[in-house]
Amino acid sequence: MERTTVFRTEGITRVYGSGPAAVQALRGVDMALHAGEMVVLLGASGSGKSTLLNILGALDSPTEGRVFFHDRDLTRASEAELTAFRRDHIGFIFQFYNLVPSLTARENVALVTEIAKRPMRPEEALERVGLGRRMDHFPAELSGGEQQRVAIARAIAKRPEVLLCDEPTGALDSRTGVTVLEALDEVNRELGTATVIITHNADIQRIAHRVIVLADGRIAETHVNATRLHPSEVSW
Amino acid sequence: MIRALDRKLLRDLRRIWAQALAIALVLGCGVMVLVMGSGTQATLIETRDAYYERNRFADVFAQATRAPLGLMPAIAELDGVAQAEARIAEYILLDMPGMEEPAMGRLISLPATGEPVLNLPLIRRGTLPDPLRESEVAVTEPFAEAHGLMPGDSFSAILNGQKRELTITGLLLSPEFIYTMGPGTMIPDDRRFGILWMPEAAVAAAFDMEGAFNELLLSLTPDARPEAVVAALDVLLDPYGGTGAHGRDKQISHAFLQGELDQLAAIGVILPPVFLLVSAFLVNMVLGRLIALERQQIGLLKAVGYSTAQVAAHYLKLSLGIGVLGVGLGWAAGVWLAQGIAELYAEYFRFPYLVYRPEPVSFVVSGALGMATVVLGALRAVWSSVRLSPAIAMSTPAPPKYSRGVADALGRLLRLRQTTMMILRSITRWPGRAAVTVFGVAAATAVMVSSVFTFDAMDAMLDDFFYNANRAQMSIMLRADRGLGVIEDARQLPGVLQVEGHSSVPVRLRHGLREQTMRLEAQAEGATLIRVIAAGGGAVQVPPEGLAVPTTLAADWGIGPGDVVELELLVPPRETHRVPVTALTRQSMGQDLHMSEAALHAMLRQAPTVNRLNLMIDRAALAELNAAVKATPAVAGVMLWDETRTRFSDEIQRNLWTMVVIYAVLGALITIGVVYNAARIQLSERAHELASLRVLGFGRGEVAWVLVGELMLLTLLGIPLGWLAGYGFAAAVAAGLSTEFVSIPLVVSNRTHAVATLVVLVSAVASALLVRRRLDRIDMVSALKAKE
């Protein structure tokens, strides 16, 4: 059966700055992301991973090339349409969590459920990531792993089609990182959310369906994992 | 060679220029008000003194009914008298071309030698009248201008019952009539009242005053004791109907001018502290944030060997930079406005010239205060950072800790959205900062309320004077006391609907060491046109016995009902009585004593008389009435109250508007300084968090709500506090603006609250929107890359 393509890019490039100071972050990337798929984006610092992720998430736009979400050309969308697109379809997870410090875990999730179309209850999202008992704590009262799991709960609570994760375990130790990956894996399996994870940690790639390696702004290599490891089997 | 640290200082200042400017503007306002107030005052005092000196303004003034010129050598011999000049002065009716009702004039005799020795008029155009011509006069320039008259033009006057054609030879100004008011009114009206100078021989002939005088001017030697001269003069003039000599302080024009100058001084004291306080808080807030952002740099500076003192000095210099900017702006604006306002006053008072005198002390004081304000504001912020050890300073500060509290209960109760919860938690987490914003907004509102309220006070005053106390449409001042039959005569005049007689006499009031010359007004039983207003408001009948005293005087002298005062009659039989105070009265303009008509005439030991008639009239018959009045020799003057009110309130409104515009700008500047800085600080602290919201799919407007909503909430909290504080300021302003002649009531209308609120709200919204533009341009990607 042909799988639905969620994202498709056609020859996207991204240049920052101009003239002699111009930096070419992406040099023509063609890729696709399918429904229910978990993809790991691997590459050294400056390889263009974050730029690609930001463009997929409509936080940035390509200098050239086109990005399709299903059949919709995001490069032609207005500012307001992109905002609505992020609101309705994309869940973000960042290395440094980006929780609102003045809101409790539950409220951070509610922040998103209040504006989403068919969200789950904040409590349900938090229970999914194992934080049912820490819901009324402020971010400063939670550990790094717990904060990242709140971020995951916040990202999945709106039932997005895609989760975009930029170094989600980058600020965590190995053991805590695994619990975060487990949460992501569970969401991917149970809700079928297409997930893109950026990492420069090569060990994490083995939990993905597919691995895309970026180098110098281009796709250097793509391979499919014949067997996926469970996050608990990974360590670094 | 600029040191590296100073280079950083300059760049920092350039980077935060908008915020620095916003603070400097608030600080500048305080400095400006100080410089402006004292500069205007100094210039006006200097101008007045120069005018007085050049035109030989007298030191002592006295009136009598008719004193022989033979008394003059004795007066000149008095100890302390430098020069003495006798003259004749009379109120006359004028029949001005193009004016239906009669105007009033004060006719003053010019000595046979030509120029007076004292109170020398300043010739603006033409010449003084020829001493030998009987029909020539010089008139005050404002009066001539109000009637479009020039030297060579003529008009008619009724001198002692005789109609005379007078030709104008010159237009004059005089130091003695800077503030010109007709009899029986506290209101200047250049169209209805003018001063006329006429050769002595002509005046004496018209009023049967040959060999006599009724006004006396004295200049004193530098070592003279004015009270002693006044006392000696009173003894000499007493047999000739002297009504009590007095110094410049009781000369009506001088006293009014002094009142205005005191008002300027009062304003210069009330407002600057507000601006200075707000700017101190702002410096503290902005520098606090700047230092928080530079915490790691501070650690680094200390780590590489800069001493704590050097680092502290660096940041203090930054605040001094803001201070220099603010003080400089304030000085410049203050000098500019002081000149502008002095010119306005000069025009209002008809000063012939202005002697600019910037007050050096005000520059020093305002400069020192301005700099002290910013340093004080900076100290706390600087101290908190420089005392950290380098290692701690260089590490990332702990994230802010939030806790559950009031906001949660409110959030649950009102089912608030999370973005609104963010606002509430931010306020409860940094109550000090929220308080600065609320305080600043309140201060701006209060400044506005306390300036706009002067319109309310003026309205209330005019209502009190024209509608509550004085309900007559017309008043006729009589040349002399007349029997009650004159009331019946007046009733026969065309168009007269109602007539009430009124009489008043000059008296000297004494209590303990205090003494004041005043008018004692008689209240006829059942009088409805001129009413006495009780201290608590509402018309009252004066008690049949005893004296009713104005509340202002009672408070000043510490007397009240039950106290006994001494009342010296300055008219025959010229006796002194001990009278109990039996009531207090409220008077917005003037300070008069009241007594029942029966009690006054018992004291005077004479049958009731009147010297003023108050009328209700049919305006349709006004032309005939005016014509009849002009032809009546017994009439000294006429007031048409509606016209007077209109002219007076127009004049006042014009002057008030200038001041209100200035204060609206000041109010707006405080608001902008406070709200703009608060918004910039919020934006700098929360850029990361707000960018996260954008990433999560919140629209620009929704994200702006978190920032703008908080500021608007604080603004809305600050405004009612500002109303309250404004009431307090208004009370101070009312007290500062009240003079011996005018007591400014403390009334603040909803219109005032609305105007203040509008100015503050618009400024706040504009400041917040300026910052919103920055927020809209936030780059989500780079904001997220930075670690909190």
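Here is a short walk through this two-chain structure, which is a predicted model, from the contact between its chains to the core and one small sheet.

Let's begin where the chains meet. On chain A, 23 residues are in contact with 23 residues of chain B. Two elements of chain A give two or more residues each to the side that touches chain B: helix H2 (79-89) and helix H3 (105-113). If you sort the residues on this side of chain A by class, you will find 14 nonpolar, four polar and five charged.

Now turn to chain B and its domains. The domain assignment gives domain 1 (1-60 + 226-231 + 247-397), domain 2 (89-198) and domain 3 (471-641). Domain 1 of chain B and domain 2 of chain B have C-alpha centres that lie 47 Å apart. Their contact takes 13 residues from domain 1 of chain B and 15 residues from domain 2 of chain B. On the domain 1 side, the elements that give two or more residues are helix H2 (17-54) and helix H7 (252-270) of chain B. Of these, H7(B) gives the most, with four residues. By class, this side of domain 1 of chain B has nine nonpolar, two polar and two charged residues.

Next, have a look at the sheet in chain B. Four strands form an open sheet in the order S2-S10-S1-S11, with antiparallel pairing. Strand S2 (81-87) and strand S11 (246-247) of chain B each have a single partner strand, so they stand at the edges and one side of each is left without a neighbour in the sheet. At the S11 end, strand S1 (residues 60-68) of chain B pairs with S11(B) in the antiparallel sense over two bridges. To find this spot, look for B:Val60, whose bridge partner in S11(B) is B:Gly247. Helix H6 (residues 226-237) of chain B lies across S1, S2, strand S10 (212-220) and S11 of chain B, and runs at about 10° to S1(B).

Finally, we come to the nonpolar interior. The largest nonpolar core has 271 residues, and those with the most contacts inside it are A:Leu41, B:Met448 and B:Ile670. Helix H15 (residues 431-469) of chain B gives the most to this core, with 19 residues. Leaving aside residues up to four places away in sequence, B:Met448 touches B:Tyr663, B:Ala664, B:Gly667, B:Val755, B:Ala756, B:Val759 and B:Val760. Another core, of 22 residues, lies apart from the largest one, and among its members are B:Val505, B:Ala524, B:Leu553 and B:Leu584.

Conventions:
Residues numbered from 1 in each chain as written. Chains lettered and ligands numbered in written order. Predicted model: local features only at pLDDT ≥ 70, side-chain atom pairs only at ≥ 80, totals over all residues. Pairing = 2+ DSSP bridges. Contact = placed C-beta atoms within 7 Å. Axes fitted to C-alpha atoms, helices over the stretch in contact; angles between N-to-C directions. Core = buried A, V, L, I, M, F, W, Y, C linked by C-beta atoms within 7 Å. Buried ≥ 20, exposed ≤ 12 C-beta atoms within 10 Å, placed from the backbone. Nonpolar A, V, L, I, M, F, W, Y, C, P; charged D, E, K, R; others polar. Domains from an automatic or database assignment.
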